[in-house]
Amino acid sequence: MAPAPRFSAAEQEKLIIYAAIKAIENSSLLDFSMSAIAKLAGLSMGSVYKFVQCKEDVLIALATRMYQERQSVFKKVLALPLTTPERIIATSLLDFSKVQMYSFDSQLESIVNTQAMMKRCSQRWLTQMIACGERCQAMFQQFLQAAADSGELTSGSRDIEEINIGSWSLSLGYFQTVRVHQCWRNDLAENLAEEMLALAPDNLHIRTMQRLVNTYDWQQKITDDGIKEVCLRLTEAGLR
């Protein structure tokens, strides 16, 4: 009879994930190796390949865990005792140093959301990552629908998709622009990195987001005092 494995399947997967994080931190998102993961995990290559068949699988698996954690953070934000417009802007006022999973979150997100990556990874991991993204979208859709149903969004369901796409696009676009500038101007890298962690209430992106959200028909618009209240609530929740 063959000896029982030292670790269960769930334990092996956890070991591989932790080893992958360490292997990437020791090298980079592009240069880590599967053999380094096996060595750090204390597992055979065969055991590693049961869970991840290639480096692309490793990155998609890590991104899936990152998106799962992000979803739980957004749930906390959307449950704060604020108006719906204030909770929308709260997602841009988070201190990302308090909610990030890895030291390479932003770089990982840029890499995994490419057609080339999705073509090379295993269907199992791609399906899991896409499902996480769809759950986040559904959560925001339901959040806005609740505002429409309650009358807080007085235009009803008409503007939900536009608000959803517009606010997400503005937020993602801003942070991507900051990352590009960070790469272009190494002398400002430290300041830009700090700016990406917790934006000030009067930051350009927050002012722009406030203007965008206030163009829609809310019972109560976002005020400057409201933004300060958002920061206070996030701080109390340990998210800023």
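## Exercises on an all-helix model

Of the 240 residues in the protein chain, 44% count as buried. The model is predicted.

**Exercise 1. Describe the overall make-up of the protein chain: how many helices and strands, and what box do the C-alpha atoms fill?**

Start with secondary structure. The chain has 13 helices and zero strands. Next, take the extent. Along the principal axes, the C-alpha atoms fill a box of roughly 70 × 45 × 35 Å. Finally, look at contact range. Among contacts between residues at least 6 apart in sequence, 73% join residues at least 24 apart.

**Exercise 2. Compare the expected span of α9 with the distance between its end C-alpha atoms.**

Count residues: α9 has 28. Apply the rise of 1.5 Å a residue, using one less than the number of residues. The expected span is 40 Å. The end C-alpha atoms lie 40 Å apart, so the two values agree.

**Exercise 3. Which residues of α9 are buried, and which of them meet α5?**

List the buried set first. It consists of W125, L126, M129, C132, C136, M139, F140, F143, L144, A147 and A148. Recall the helix geometry. Residues three or four places apart point the same way, because an α-helix has 3.6 residues a turn.

Now bring in α5, residues 84–93. The axes of α5 and α9 come within 10 Å and cross at roughly 155°. Angles over 145 degrees count as roughly antiparallel. Therefore α5 runs roughly antiparallel to α9. On the α5 side, the contact uses T84, R87, I88 and T91; on the α9 side, F140, F143, L144 and A147. Sort these residues by type: five are nonpolar, two polar and one charged.

**Exercise 4. Follow the chain beyond α9. Is S155 buried or exposed?**

Leave the helix first. Just after α9, G151 takes a positive phi of about 90°. Then locate S155: it sits in the loop between α9 (123–150) and α10 (160–184). Check its accessibility. The relative accessible area of S155 is 17%. The cut-off for buried is under 20%, so S155 is buried. Last, find its partner. The side chain of S155 makes a polar contact with the side chain of D159, at 2.9 Å.

**Exercise 5. Place L62 and find which residues it touches.**

L62 belongs to helix α4 (residues 55–78). Its relative accessibility is 0%, so L62 counts as buried. Leave out residues up to four places away in sequence. L62 then touches I17, A20, I21, I24, Y102, F104 and L108. Take A20 from that list. L62 and A20 are 42 residues apart in sequence, yet 8.3 Å apart in space, C-alpha to C-alpha.

Conventions
Residues numbered from 1 in each chain as written. Predicted model: local features only at pLDDT ≥ 70, side-chain atom pairs only at ≥ 80, totals over all residues. Heavy atoms only, no water. Helix = DSSP H or I, 4+ residues; strand = E, 2+ residues; numbered from the N terminus. Buried < 20%, exposed > 50% of the residue type's maximum accessible area, 1.4 Å probe, protein only. Polar contact = N/O pair within 3.5 Å; in protein donor to acceptor, adjacent residues only side chain to side chain. Axes fitted to C-alpha atoms, helices over the stretch in contact; angles between N-to-C directions. Parallel < 35°, antiparallel > 145°, perpendicular 65-115°, else oblique. Contact = heavy atoms within 4.5 Å. Nonpolar A, V, L, I, M, F, W, Y, C, P; charged D, E, K, R; others polar.
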